[in-house]
Amino acid sequence: MEYNGIINIYKEAGYTSHDVVAKLRGILHQKKIGHTGTLDPDAEGVLPVCLGKATKLCGMLSDHEKEYEAVLLLGKDTDTQDAGGRVLAEKPVEVSEEEIRRCAASFVGEQLQVPPMYSARKVNGKRLYELAREGQVVERKPGKVHFYQVEILSIQLPRVKLRIRCSAGTYIRTLCHDMGEKLGCGGCMEHLLRTRVERFGVLDARKLSQVQMYADHGKVQLLILPPDRMFEEYAAVKTREKGDRLVHNGNPFPAELAEEAAEAAEGRFRVYDSQDIFVGIFSLEDGLFRPVKMFL
């Protein structure tokens with residue numbers, strides 16, 4: 001049996017995102033599985049994983065904003081920008097709580113962020129972490145990121161606990177490093193928990209051991225969100241039986257072959273065949289439904 005949909009995995013520390021995919025392939029006995037955005041091995045938290053036909057959603061989920069809780073350790077700079085790296089410098093932490101709060105607030109909004117050397121970004125066809133392991137440091141172009149929230153949850157110097165809501169492609173390690181630089185004492189990330197990706201929250205995430213337990217009892221389907229649930233903002237349209245062959249082959253179909261499209265406004269729709277099987281996302285224009293993304 002091939003599973004199709006999204007499963008909200010709680011990635012535990014010590015696993016890479018690829019490890020999670022590999023272990024799920026063994027648990028579910030299927031190959032077509034993809035994750036929706038890398039989490040560092042030491043990081044924990046939400047990692048939506050797409051199964052079967054829903055792997056087409058991987059890029060879409062990767063592009064959504066994300067939420068984190070992080071612990072910033074002030075007074076220490078490392079080569080990886082997290083506490084597991086080689087210490088480059090240590091300084092006394094002589095900053096006030098007010099200075100820390102002002103610093104955090106200054107990062108809210110659009111920022112230019114230089115990706116860390118220990119990251120999966122590519123330069124001249126090679127990943128930065130591969131170059132870093134060879135002892136190389138290369139110039140990296142800054143990229144635009146957006147911090148919607150940088151909230152201080154607690155301060156117990158030299159540690160600062162943060163809640164961060166940000167755009168895709170943001171490095172929380174680099175935020176911690178940059179905050180340390182701005183405060184003049186250096187800093188690195190000591191702990192990271194991803195609490196949300198799109199609608200997937202940490203309280204609903206399941207560890208691999210829990211997924212295994214559900215699989216052992218034949219109930220793993222209870223953990224899987226069907227692909228069409230990701231598009232609930234679009235109205236649903238069901239084809240008449242005469243339209244099934246067209247939509248099954250990914251072809252456009254006229255509005256008169258849809259059961260409830262006579263008065264539908266132009267836009268995007270979730271399309272189901274006459275047997276209520278989800279086919280994909282179609283756009284309606286000039287009385288014709290055209291495929292945007294197929295899931296059948």
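Reader: Is Y272 buried or exposed?

Author: Y272 is buried, at a relative accessible area of 12%, where buried means under 20% relative accessible area, exposed means over 50%, and partly exposed covers what lies in between, with a 1.4 Å probe and protein chains only. Bear in mind that this is a predicted model, in which local features need pLDDT of at least 70 and side-chain atom pairs count only at pLDDT 80 or more, while totals for chains, interfaces and linings use all residues. Residues are numbered from 1 along each chain as its sequence is written, and side-chain values use heavy atoms, with hydrogens and water left out.

Reader: How many aromatic pairs are there?

Author: The count comes to 7 aromatic pairs, taking rings of Phe, Tyr and Trp (its six-membered ring) as paired if their centres lie within 6.5 Å, and calling them stacked with planes under 30 degrees apart, edge-to-face over 60 and tilted for the rest. One of them joins F253 and F282, edge-to-face, at 5.5 Å centre to centre and with 65° between the planes.

Reader: Where do F253 and F282 sit in the chain?

Author: F253 belongs to strand β16 (residues 253-254) and F282 to strand β18 (residues 278-285), so that the pair links distant parts of the chain, 29 residues apart; helices (H or I, at least four residues) and strands (E, at least two) are DSSP runs numbered from the N terminus. Both F253 and F282 are buried.

Reader: Back to Y272, then: which aromatic pair does Y272 form with F278?

Author: Y272 and F278 make a tilted pair, with 5.4 Å between the centres and 50° between the planes. F278 is buried as well, with 11% relative accessibility, and these two rings belong to one aromatic cluster with F231, Y234 and F295.

Reader: Which residue lies over the face of F107?

Author: That is K182, at 5.4 Å from the ring centre of F107, where the rule asks for NZ of Lys or CZ of Arg within 6 Å of the ring centre and within 35 degrees of the ring normal.

Reader: Changing topic, why is there no bond between the sulfurs of C50 and C58?

Author: The closest cysteine sulfur to that of C50 is in C58, and because they are 3.8 Å apart, they are too far for a bond, given that a disulfide is a pair of cysteine sulfur atoms within 2.5 Å. C50 is buried, at 0% relative accessibility. The sulfur of C103 is 8.8 Å from its closest cysteine sulfur, in C185, which is again too far for a bond, and the overall count is 0 disulfides.

Reader: How many salt bridges are there?

Author: There are 12 salt bridges, each being a side-chain nitrogen of Lys or Arg within 4 Å of a carboxyl oxygen of Asp or Glu. Among them, D40 and R173 meet at 2.9 Å, N to O, and this pair links distant parts of the chain, since D40 is in the loop between β2 (33-35) and β3 (44-51) and R173 in helix α5 (residues 172-183), 133 residues apart.

Reader: Is R173 buried or exposed?

Author: R173 is buried, at 4%, whereas D40 is partly exposed, with a relative accessible area of 24%.

Reader: What about E190 and R159?

Author: Their side chains form a salt bridge at 2.7 Å, N to O, between strand β12 (residues 187-197), which holds E190, and strand β11 (residues 159-166), which holds R159. E190 is partly exposed at 32%, and R159 is also partly exposed, at 37%. Salt bridges with shared partners also join E69, E151, K161 and R163 into one network.
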